[in-house]
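Trainee: I am new to this one and would like a friendly tour. Could we go through it with questions and answers?

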Amino acid sequence: MGELCELYMAEGTAMKKASTLRIDRIRIDRHIKPRVGRMKLGDVSRADIQRLMIDVGNGKIRAEATPHTRGGKHAAARTVGLLGGIFSFAIERELMTDNPVRGLKRYKDNRRERFLSAAEMARLGDVLARLEQDGGDPRHVAIIRLLTLTGARKNEIAHLRWREVDLEGGLLRLKDSKTGPKVIRLGKAARTLVGSLPVHDREWVFPDRRHAGKPVANLDWAWVNIRNQAGLPDVRIHDLRHSFASVGVAGGEGLTLIGKLLGHQHVVTTSRYAHLSDDPLQAAADRISDRLASMILPAPADDAGKSESPDGGFGRPDELAGFNMSVSTC
């Protein structure tokens with residue numbers, strides 16, 4: 001099995017992007033090889049795959065710990081999916097006749113939707129400010145801030161090149177990304193942040209300090225430290241992207257617009273944030289009901305005896321002037 005995995009990585013992944021191959025390598029080295037790597041192909045049964053899935057789903061790691069080896073049902077589902085692809089490759093090469101993954105009841109590969117609340121975002125901001133003051137790595141601080149402000153994917157910022165930065169236009173013109181060439185629009189705060197970054201390397205915006213000519217490479221462990229200090233042990237770097245989307249949708253921005261900012265190729269990808277559009281409706285309902293409550297509900301006991309407002313208690317005209325606007329906006 002170990003030899004098959006290496007053959008698959010060498011000859012069966014021509015259509016996969018480098019970022020996907022990196023995750024495949026982690027899953028092979030951390031989950032697959034430690035459990036079935038020494039087994040002969042014909043000896044691997046569906047029961048073996050099921051045990052592997054359950055172990056990974058329960059977070060049992062049999063290799064050196066990394067930020068990517070916490071396990072869980074999502075990781076288990078993706079690992080079994082990779083195994084299915086590896087076995088299909090073996091069948092194409094006539095190394096096997098059956099795929100033991102076929103017919104296996106798997107965990108649902110649900111996408112995680114974790115969004116930081118305002119309080120959580122404030123805690124994260126406090127940690128980043130403290131690291132900046134106490135001599136923490138400024139590259140890590142800047143990357144996390146920029147990821148939060150743009151909704152970009154991790155490597156779109158961590159592997160950013162200076163030639164891709166267009167400050168005058170407020171754009172990052174990426175030569176490649178998960179979905180191919182991509183343009184990321186910089187909001188005012190993001191543009192100011194990028195403009196303040198020092199140039200330590202002519203190629204990379206965030207160069208690695210130990211390996212000349214390469215981008216920063218230890219961001220994952222840095223993030224583990226940052227999120228723990230902020231009391232956010234379950235938050236992934238990718239959840240900053242989800243949070244960008246959630247703030248946009250909750251603020252009333254349309255899904256199509258949010259999808260364009262995130263670089264989604266299909267609106268269905270952005271549609272998973274649709275339920276968040278209830279937030280501005282709830283906020284509007286709260287504002288309107290609070291105003292009406294002051295008109296129809298008895299005044300609190302401690303307000304008894306106070307003189308009536310000049311407008312008869314119906315609120316200032318300028319406050320009510322926006323009433324119809326609030327309703328129509330919702």
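**Helices, cores and a sheet**

Mentor: Happy to. Helix α1 (residues 2-11) and α4 pack at an angle of about 85°, with their axes 10 Å apart. Please keep in mind that this is a predicted model.

Trainee: How are α1 and α4 oriented to each other: roughly parallel or roughly perpendicular?

Mentor: Start with the angle between them, about 85°. Angles of 65 to 115 degrees count as roughly perpendicular. The two helices, α1 and α4, are therefore roughly perpendicular.

Trainee: Which residues of α1 and α4 make the contact?

Mentor: Both helices contribute to it. From α4 come L82, G85, I86, F87, F89 and A90. The partners on α1 are L4, C5, L7, Y8 and E11.

Trainee: Is D24 buried or exposed?

Mentor: D24 sits in helix α2. Beyond its neighbours within four places in sequence, D24 is in contact with M9, K16 and L82. A residue counts as buried under 20% relative accessible area. D24 has 4%, so the word for D24 is buried.

Trainee: What distance should helix α3 span, end to end?

Mentor: Helix α3 covers residues 46-57, which is 12 residues. The expected span is 1.5 Å times one less than the number of residues. The end C-alpha atoms of α3 are 16 Å apart, in agreement with the expected 16 Å.

Trainee: Which helices do the buried residues of α3 pack against?

Mentor: The buried residues in α3 are D48, I49, L52, M53, D55, V56 and G57. Just after this helix, G59 takes a positive phi of about 80°. The buried residues of α3 pack against α2 (18-36) and α4.

Trainee: Which residues of the largest nonpolar core touch the most other members?

Mentor: In general, nonpolar side chains of soluble globular proteins tend to be buried together. Here the largest nonpolar core has 36 residues. The members that touch the most others are L124 and I144.

Trainee: Which element gives the largest share of this core?

Mentor: At least two residues each come from α5, α6 (138-150), α7 (154-158), β2 (171-174), α8 (188-195) and α9 (219-229). The largest share, 6 residues, is supplied by α6.

Trainee: Which residues does I144 touch, not counting residues up to four places away in sequence?

Mentor: I144 is one of the two core members that touch the most others. The other one, L124, is also on its contact list. In full, I144 touches L124, L128, L219, W223, I226 and L240.

Trainee: How many residues are in the second core?

Mentor: This core is separate from the largest one. Its members include I28, V44, L52 and F89. The second core holds 26 residues.

Trainee: Which strands are the edge strands of the sheet?

Mentor: The open sheet has 3 strands in the order β1-β2-β3, with antiparallel pairing. Between β1 and β2 there are 2 bridges, and V165 has L172 of β2 as its bridge partner. An edge strand pairs on one side only, as do β1 (165-166) and β3.

Trainee: Is P181 buried or exposed?

Mentor: P181 lies in the loop between β2 and β3 (182-185). Not counting residues up to four places away in sequence, P181 touches L174, K175 and D176. Its relative accessibility is 69%, so P181 counts as exposed.

Trainee: What value is phi of E94 near?

Mentor: E94 is in the loop between α4 (73-92) and α5 (118-133). At 71% relative accessibility, E94 counts as exposed. Its phi is positive although the residue is not glycine, and the value is near 60°.

Key: Residues numbered from 1 in each chain as written. Predicted model: local features only at pLDDT ≥ 70, side-chain atom pairs only at ≥ 80, totals over all residues. Heavy atoms only, no water. Helix = DSSP H or I, 4+ residues; strand = E, 2+ residues; numbered from the N terminus. Buried < 20%, exposed > 50% of the residue type's maximum accessible area, 1.4 Å probe, protein only. Core = buried A, V, L, I, M, F, W, Y, C linked by side-chain atoms within 4.5 Å. Contact = heavy atoms within 4.5 Å. Pairing = 2+ DSSP bridges. Axes fitted to C-alpha atoms, helices over the stretch in contact; angles between N-to-C directions. Parallel < 35°, antiparallel > 145°, perpendicular 65-115°, else oblique.
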